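Visitor: I am new to this structure and would like a close look at one helix. Please start there, then show me what else stands out.

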Amino acid sequence: MPDDRFGRNIHYLRISLTDHCNLRCLYCMPEDQTFLPNAELMQDGEIIQLLQLFTSLGFDKIRLTGGEPTVRAHIVDLVREMAATPGVKSLSMTTNGVLLGKLAAPLKEAGLQRVNISLDTLDPGRFKSLTRWGKFEDVWSGIQAAEAAGLTPLKLNAVVVRGHNLDDVVPMANLTYEHNWQVRFIEMMPFAGQTDFQTGLVVSDAEILEMVSTQLDKPELLNHGMLDGEARLYRLPGAKGTLGFISSVTNPFCAGCTRARLTSDGKLRLCLLKEKEVDLLTPLRAGASIEDLRAMILDGIWWKPWGHGLAEGEFATNRTMSQIGG
Ligand code: SAM
Ligand code: SF4
């Protein structure tokens, strides 16, 4: 498995299947976002070719994301082919859940193992204003369908935005009493296009933890504070599920980072929050050899940046979150 120059073993690839989306979350993209023409996105065969290259180098954990991965044409067939690719041990997806009502069962049958579903509020009106276009009921039935299909353990991702959904923290945490779900609170990060909005309204994990402790109960820290992926886990006394805290801004997890990203236009992005990328799709289309492409990937990984500078006010301005693949 490839190591970077700091000795981090990089074996987790997040693949953005498209930059397109059926929602327009306030913190992610402007309402009039323009998307790449389909010809500039990786085609199905190109995704499989690149996936085979990555697995041949030891990448074994794959997460599909976007944009919204479920809006990609032929998503079930693509997932089936990815799941059958030798070396893929873990195949999961991050989705807004809108289309899971009809897609959860076929995706599971095709080989998808788990989903993380983004949901920032349980209030239908607030859901509409945060996503601009979404209907809460669609996501709620998507969650039920994912659970029924066995796309578990289920994780819900909530980005907390001051002035928008701070009041939802406690009801979201409350869900874990009844459901064996991991409800994860994510600090908002600044990206191109939305940075003024984002930097002003970040809510720290410490503040969320304090709210949960005073309004519900004091959550118990799990795994001695060791990260589960990128989340620090807690459990409310007597709860079936867990709470996860992803503090990319106030307490980054860069030292333990094992991931790289493949953007929907075929660039290897070494850090979500740094602009460095290696173009793989252009050389692939120009007929580069497997050996050349492997060398480009290994070189990119070797030079993976150590960490980001969010706390110092530095941020990447070349792409929005949806263009990178969250
Ligand atoms: N469309 C899918 C979804 O919403 O789950 C997948 C892509 S989305 C970019 C991946 C994750 O990034 C979501 O959980 C979303 O809430 C989160 N996200 C988007 N913009 C963000 C931001 N500025 N800061 C932190 N998380 C963000
Ligand atoms: Fe779309 Fe996901 Fe971004 Fe929301 S967070 S606009 S659902 S890509």
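Visitor: Which residue caps the N-terminal end of α4, and whose backbone nitrogen does its side-chain oxygen lie 3.0 Å from?

Guide: The capping residue is D123. One of its side-chain oxygens lies 3.0 Å from the backbone nitrogen of G125. Keep in mind that this is a predicted model.

Now follow the helix itself. α4 covers residues 124-131. Three of its residues, F127, L130 and T131, are buried. They sit on the same side of α4, because they cover an arc of only 85° around the axis. The general rule behind this is simple: an α-helix has 3.6 residues a turn, so residues three or four places apart point the same way. What do the buried residues of α4 pack against? Their partner is α5, residues 136-149. At the other end, R132 follows α4. The phi of R132 is positive, near 65°.

So much for α4; next come two histidines with positive phi. H74 has a phi of about 60°, although H74 is not a glycine. H74 is found in the loop between β2 (61-65) and α2 (75-83). Is H74 buried or exposed? H74 is exposed, because its relative accessible area of 56% is over the 50% cut-off. H224 also has a positive phi, of about 55°, and H224 is not a glycine either. The loop that holds H224 runs between β7 (220-221) and β8. H224 counts as exposed, at 82% relative accessibility.

Another loop has a backbone feature of its own. The peptide bond from T152 to P153 is cis, with omega near 0°. P153 is found in the loop between α5 and β5.

Back to α5, by way of another helix. G101 is found in α3, residues 100-110. G101 is exposed, with a relative accessible area of 51%. Leaving out residues up to four places away in sequence, G101 touches G142 and A145. G101 and I143 are 42 residues apart in sequence, but 7.7 Å apart in space, C-alpha to C-alpha.

α6 also packs against α5. This helix spans residues 169-178. V169, V170, M172, A173, L175 and T176 of α6 are buried. Besides α5, these buried residues pack against β5, β6, α8 (205-215) and β9 (242-246).

Two strand residues deserve a stop. S16 is in strand β1, residues 12-16. S16 counts as buried, because its relative accessibility of 1% is under the 20% cut-off. The side chain of S16 reaches the backbone oxygen of T18 at 3.3 Å. L233 is in strand β8, residues 232-235. L233 is buried too, with a relative accessible area of 7%. Which residues does L233 touch, not counting those up to four places away in sequence? The contacts are Q182, E220, L221, L222, N223, D228, L243 and G244. L221 lies 12 residues from L233 in sequence and 6.2 Å from L233 in space, C-alpha to C-alpha.

Now the ligands. How many residues surround ligand 1? There are 20, and the closest are Y27, G67, E68, S118 and M189. By class, the shell around ligand 1 divides into 8 nonpolar, 10 polar and 2 charged residues. Take the polar contacts in turn. A nitrogen atom of ligand 1 is 3.0 Å from a polar backbone atom of G67. An oxygen atom of ligand 1 is 2.5 Å from an N or O atom in the side chain of S118. An oxygen atom of ligand 1 also lies 3.5 Å from an N or O atom in the side chain of N157. On its own, ligand 1 has 540 Å² of accessible area, and the protein covers 95% of that. Three elements give two or more residues to the shell around ligand 1: β3 (90-95), β5 (155-160) and β6 (182-187).

Ligand 2 has its own shell. The residues around ligand 2 are C21, L23, R24, C25, C28, M29, G67 and N96. By class, 5 are nonpolar, 2 polar and 1 charged. G67 is listed around ligand 2, and G67 is among the closest residues to ligand 1.

Key: Residues are numbered from 1 along each chain as its sequence is written. Chains are lettered from A and ligands numbered from 1 in the order in which they are written. This is a predicted model: local features need pLDDT of at least 70, side-chain atom pairs count only at pLDDT 80 or more; totals for chains, interfaces and linings use all residues. Side-chain values use heavy atoms; hydrogens and water are left out. A residue is near a molecule or strand if one of its heavy atoms lies within 4 Å of it. Ala, Val, Leu, Ile, Met, Phe, Trp, Tyr, Cys and Pro count as nonpolar, Asp, Glu, Lys and Arg as charged, and the others, Gly among them, as polar. Buried means under 20% relative accessible area, exposed over 50%, partly exposed in between (1.4 Å probe, protein chains only). Helices (H or I, at least four residues) and strands (E, at least two) are DSSP runs, numbered from the N terminus. The arc is that of the directions from the helix axis to the C-beta atoms. Contact means heavy atoms within 4.5 Å. A polar contact is a pair of N or O atoms within 3.5 Å; within protein, one must be able to donate a hydrogen and the other to accept it, and residues adjacent in sequence count only if both atoms are side-chain atoms. Accessible areas come from the Shrake-Rupley method with a 1.4 Å probe; for residues, only the protein chains shown count as cover.
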